[in-house]
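Dear colleague,

Please find below the structure for your review. My findings follow it, and I would be grateful if you would read them with the coordinates open.

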Amino acid sequence: MTDVPEKDETGKVVMLGRCPNCSKRAVRDFRPFCSKRCADLDLGRWLTGSYAIPAVETDDPDEEDHSSSSPDKF
Ligand SMILES: [Zn+2]
């Protein structure tokens with residue numbers, strides 16, 4: 001399914017990210033979350049619309065957020 005090497009069972013190669021909810025280490029079953037709870041929480045946020053979706057107003061349809069915007073760059 002994925003090419004991401006992960007062997008958390010042996011604790012050798014773990015390329016899982018962090019839970020966007022609580023910054024804990026994500027687990028395979030619920031990634032990118034650390035647990036079902038966090039996954040559900042996140043899903044709930046989506047459903048309730050609490051998620052703040054940044055309105056990106058781009059005139060060019062070709063440019064799709066390729067360059068990370070740094071507001072406080074200079
Ligand atoms: Zn979590």
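The expected span of a helix is 1.5 Å times one less than its number of residues. With that in mind, please note first that this is a predicted model. Helix α1 covers residues 36-48, which makes 13 residues. From its first C-alpha to its last, α1 reaches 18 Å, close to the 18 Å expected at 1.5 Å a residue.

The protein chain as a whole has one helix and zero strands. Of its 74 residues, 5% count as buried. Where contacts in the chain link residues at least 6 apart in sequence, 0% of them join residues at least 24 apart.

Several backbone features deserve your attention. As background, most residues other than glycine have a negative phi, and most peptide bonds are trans. Arginine 31 and proline 32 are joined by a cis peptide bond, with omega at about 10 degrees. Proline 32 sits in the segment before α1. Serine 23 also has its place in the segment before α1, and although it is not a glycine, its phi is positive, at about 65 degrees. A positive phi of about 80 degrees occurs at glycine 49, just after α1.

Is serine 23 buried or exposed? Serine 23 is exposed, because only 12 or fewer other C-beta atoms within 10 Å are allowed for that class and serine 23 has 9. In space, its C-alpha lies 8.6 Å from that of phenylalanine 33, and the two are 10 residues apart in sequence.

Asparagine 21 is likewise found in the segment before α1. It has 18 C-beta neighbours inside 10 Å and therefore counts as partly exposed, since a buried residue needs 20 or more. Which residues does asparagine 21 contact, leaving aside its neighbours within four places in sequence? They are Phe33, Cys38, Leu41 and Asp42. The C-alpha atoms of asparagine 21 and proline 32 are 9.4 Å apart, for a separation of 11 residues in sequence.

Yours sincerely

How values were computed. Residues numbered from 1 in each chain as written. Predicted model: local features only at pLDDT ≥ 70, side-chain atom pairs only at ≥ 80, totals over all residues. Helix = DSSP H or I, 4+ residues; strand = E, 2+ residues; numbered from the N terminus. Contact = placed C-beta atoms within 7 Å.
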